[in-house]
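Hi,

Here is the structure I said I would pass on. Have a look at it first, and my notes follow underneath.

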Amino acid sequence: QVQLVESGGGLEQAGGSLRLSCAASGSTFSFASMAWYRQAPGEQRELVALIKSDGSTNYADSVKGRFTISGDNARNTVNLEMNSLKTEDTAVYYCMGSRWTGTRFLNYWGQGTQVTVSS
């Protein structure tokens, strides 16, 4: 019943900014962590940024200093502010939430949103 829905993707010029948002529906729990991944055609999906329930964050080296991940206190929403965009940032961006059921972790994925950066 839990669904993650991304929004904010689109086209942007190199050097510009874009803000992605992800909202969870049908959940009565807080995710242990939420993250943004991205994947270009023919490439592996890679972790872009991660935020844990304690507020700590991790970033891929390629986006460090340019992207910022944030979320509300319940971690039912997560955002990704992307600045100084480069053409290499072009990919489908996916939101992921990890839930601790009391026995195991369960991962939920959004449908993805396209980000295209033009030169």
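Start with G26, in the loop that links β3 (18–25) to β4 (33–39). One thing to keep in mind throughout: this is a predicted model. Beyond its neighbours within four places in sequence, G26 is in contact with Q1 and V2. A40 is 14 residues from G26 along the chain, and their C-alpha atoms are 29 Å apart.

S25 sits in strand β3. Leaving out residues up to four places away in sequence, S25 touches Q1, V2 and Q3. So what about L4? The C-alpha atoms of S25 and L4 are separated by 6.5 Å, with their positions 21 residues apart along the chain. As for exposure, S25 comes out as partly exposed, at 34% relative accessibility.

Now to the residue I spent most time on, R38. You'll find R38 in strand β4. Is R38 buried or exposed? Its relative accessible area is 5%, and the cut-off for buried is under 20%, so R38 counts as buried. Two side-chain partners are worth pulling up on screen. One is D89, whose side chain makes a polar contact of 3.0 Å with that of R38. The other is S62, where the side-chain to side-chain polar contact with R38 is 3.5 Å. The list of residues that R38 touches, not counting those up to four places away in sequence, includes Q44, R45, E46 and V48, then S62, V63 and F67, and also E88, D89, A91, V92 and Y93.

Three of those names come back with T113: this residue is in contact with A91, V92 and Y93, as well as E6, G9 and L20, again leaving aside neighbours within four places in sequence. T113 belongs to strand β11, residues 113–118. What does the side chain of T113 reach at 3.4 Å? The backbone nitrogen of G9. T113 is buried too, with a relative accessible area of 11%.

S84 deserves a look for its backbone. Its phi is near 50°, which is a positive value in a residue other than glycine. Most residues other than glycine have a negative phi. S84 is placed in the loop between β8 (77–82) and β9 (91–100), and it is partly exposed, at 42% relative accessibility.

Stepping back to the whole protein: how many helices and strands are there? Zero helices and eleven strands, so from the N terminus on the elements simply read β-β-β-β-β-β-β-β-β-β-β. The radius of gyration is 14 Å, close to the 14 Å that the globule rule gives for 119 residues, so the protein is as compact as a globular protein of that length. The C-alpha trace spans about 45 × 25 × 20 Å along its principal axes.

A few totals to finish. Of the 119 residues, 39% are buried. Taking contacts between residues at least 6 apart in sequence, 53% join residues at least 24 apart. The exposed area is about 6,400 Å², and carbon and sulfur atoms supply 44% of it. On charge, there are 10 positive and 10 negative side chains, and the centres of the two sets lie 7 Å apart.

Over to you.

Notes:
Residues are numbered from 1 along each chain as its sequence is written. This is a predicted model: local features need pLDDT of at least 70, side-chain atom pairs count only at pLDDT 80 or more; totals for chains, interfaces and linings use all residues. Side-chain values use heavy atoms; hydrogens and water are left out. Helices (H or I, at least four residues) and strands (E, at least two) are DSSP runs, numbered from the N terminus. The radius of gyration is taken over C-alpha atoms; the globule rule is 2.2 Å times the number of residues to the power 0.38. Buried means under 20% relative accessible area, exposed over 50%, partly exposed in between (1.4 Å probe, protein chains only). Contact means heavy atoms within 4.5 Å. Accessible areas come from the Shrake-Rupley method with a 1.4 Å probe; for residues, only the protein chains shown count as cover. Lys and Arg count as positive and Asp and Glu as negative; His and the chain ends are not counted. The place of a charge is taken as NZ of Lys, CZ of Arg, CG of Asp or CD of Glu. A polar contact is a pair of N or O atoms within 3.5 Å; within protein, one must be able to donate a hydrogen and the other to accept it, and residues adjacent in sequence count only if both atoms are side-chain atoms.
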